[in-house]
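Here are a few notes to go with your first look at this one. Have the viewer open as you read, and take the points in order.

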Amino acid sequence: MKNIFLFLLIISNNSFSQEKKLDSFFAAQKDFSGVILIAENGKPIYQKAFGYREFADQIPLQASDIFELASVSKQFTAMIIMMLKEKGLLNYDDSVSKYLLIPYKGITIRHLLTHTSGLPDYQDIMDKYWDKSKVAGNPDCIEYLNKYAPPKHFAPGEKYEYSNTGYMLLGSIAEKASGKDFIDLCRNWIFRKLKMKSTDIRTLEEKKATRNFAIGHVYVEERNKWVRADSFPSSNYTIWLGNRKGPGRVSSTASDLLKWDQALYTEKLIKQSTLQEAFTPMKLNDGTISNYGFGWEIKNDPSFGKIVQHDGDNPGYKTQIIRYIDKKKTIILLNNNATKDFGLILKRLEEIIK
């Protein structure tokens with residue numbers, strides 16, 4: 001009994017010491033606005049908000065506030081594709097041309113999932129040619145890919161190159177294979193199933209109507225202040241590409257993302273054998289390895305073991321989820337003023353929780 005008491009006392013002291021270190025660290029980050037959640041074995045050991053939901057009115061952030069996830073959304077798109085695979089509605093090595101009309105041959109769903117397609121950037125095409133007074137969706141983006149048909153960057157499977165185009169196409173492939181709207185798939189197959197009550201793919205109007213939505217901000221030197229990122233619509237692609245599906249647009253809370261994280265240790269969504277392929281590096285044409293699976297960056301660390309993670313970056317936002325699978329630890333960092341110190345903050349967090 002005495003040994004158990006001592007063990008619990010040590011754990012309590014370690015947790016208290018860790019919390020003090022984290023509080024002190026974030027108190028020193030004067031330019032950080034966001035929410036941090038650190039969990040062990042599925043339980044939050046640190047969850048706090050710093051900064052402002054809206055800077056102009058100095059509205060404090062709450063730990064339950066909703067953030068735009070940007071490219072952290074890609075793991076949900078990959079999950080929908082894996083669920084469709086388990087249902088027998090598609091195969092990873094199917095040609096994209098089986099589902100969509102695009103001016104590029106030899107590209108498979110697997111190439112899209114692993115960013116090895118060689119596809120050009122659809123955002124670049126839309127930025128050059130799209131009327132930014134209108135809001136584009138996937139059909140518009142695919143139409144412009146066909147209309148302007150810039151060349152592929154390399155042969156499919158030749159190398160890794162991050163591609164929002166690939167994940168936009170995956171959203172449309174999911175719709176074609178299932179006969180259902182991509183947003184409805186995400187809501188019914190993932191968000192509601194996992195009781196992620198604050199998570200959704202929201203329209204611009206729905207975001208504005210959501211009281212606890214953390215507004216993205218950018219620092220404008222000429223004004224010497226933080227300004228809403230949506231104050232600059234022509235340079236903010238999230239506005240004029242506001243109906244796209246697949247590469248981004250999921251918005252969520254830190255607590256909901258922990259539900260997602262914990263579900264991936266179970267078979268609530270897919271079999272573990274299916275999920276392991278998402279956490280397996282892609283073998284390129286020359287036999288070398290790319291450390292990106294299906295919607296996840298993959299690495300092995302001497303201290304933490306296997307890690308899967310993803311970041312997101314939209315105007316005014318930086319986001320990150322890191323899953324230390326072997327240690328059953330998780331870091332979720334949601335930032336709504338795109339701090340330049342984001343990478344340094346993540347590095348320090350890892351040092352503290354080691």
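1. Which residues does Trp 260 touch, not counting residues up to four places away in sequence? Keep in mind that this is a predicted model. The list is Gln 75, Phe 76, Met 79, Ile 190, Leu 194, Met 196, Leu 269, Trp 296 and Ile 321.

2. Now for the nonpolar core around that tryptophan. The largest nonpolar core has 81 residues, and Trp 260 is among those that touch the most other members, together with Met 79, Ile 80 and Ile 190. Helix H2 (residues 74-86) gives this core its largest share, eight residues. There's also another core, lying apart from it, with 20 residues, including Ile 307, Ile 345, Leu 349 and Ile 352.

3. Stay with H2 and look at how it packs on H6. Their axes come within 10 Å and cross at roughly 35°, and the crossing is left-handed. On the H2 side you'll find Lys 74, Thr 77, Ala 78, Ile 80, Ile 81 and Leu 84, which meet Asn 164, Tyr 167, Leu 170, Gly 171, Ala 174, Ala 177 and Ser 178 of H6. Sorted by type, the residues of this contact are eight nonpolar, four polar and one charged. Ile 80 is worth clicking on: it is part of this contact, and it is also one of the residues touching the most other members of the largest core.

4. H6 (residues 164-178) has a contact with H5 (residues 138-148) as well, and here the axes come within 10 Å and cross at roughly 125°. With that angle, H5 counts as oblique to H6. This crossing, too, is left-handed. H5 brings Asn 138, Cys 141, Ile 142 and Leu 145 to the contact, while H6 brings Thr 165, Met 168, Leu 169, Gly 171 and Ser 172. The tally is five nonpolar, four polar and no charged residues. Notice Gly 171 of H6, which appears in the contact with H5 and again in the one with H2.

5. Last, a residue in a loop. Is Asp 57 buried or exposed? Look between strand E3 (52-54) and strand E4 (59-60), since that loop is where Asp 57 is found. Asp 57 counts as exposed because its relative accessibility is 58%, and the cut-off for exposed is over 50%. If you'd like a distance to check in the viewer, try Asp 57 and Val 220: they are 163 residues apart along the chain, and their C-alpha atoms are separated by 17 Å.

Technical notes
Residues are numbered from 1 along each chain as its sequence is written. This is a predicted model: local features need pLDDT of at least 70, side-chain atom pairs count only at pLDDT 80 or more; totals for chains, interfaces and linings use all residues. Side-chain values use heavy atoms; hydrogens and water are left out. Axes are lines fitted to C-alpha atoms, for helices over the stretch in contact, and angles run from 0 to 180 degrees between N-to-C directions. Helices (H or I, at least four residues) and strands (E, at least two) are DSSP runs, numbered from the N terminus. Angles under 35 degrees count as roughly parallel, over 145 as roughly antiparallel, 65 to 115 as roughly perpendicular and the rest as oblique. A crossing is left-handed if the near helix is turned anticlockwise from the far one by less than a right angle, and right-handed if clockwise. Contact means heavy atoms within 4.5 Å. Ala, Val, Leu, Ile, Met, Phe, Trp, Tyr, Cys and Pro count as nonpolar, Asp, Glu, Lys and Arg as charged, and the others, Gly among them, as polar. A nonpolar core is a set of buried Ala, Val, Leu, Ile, Met, Phe, Trp, Tyr and Cys residues joined through side-chain atoms within 4.5 Å. Buried means under 20% relative accessible area, exposed over 50%, partly exposed in between (1.4 Å probe, protein chains only).
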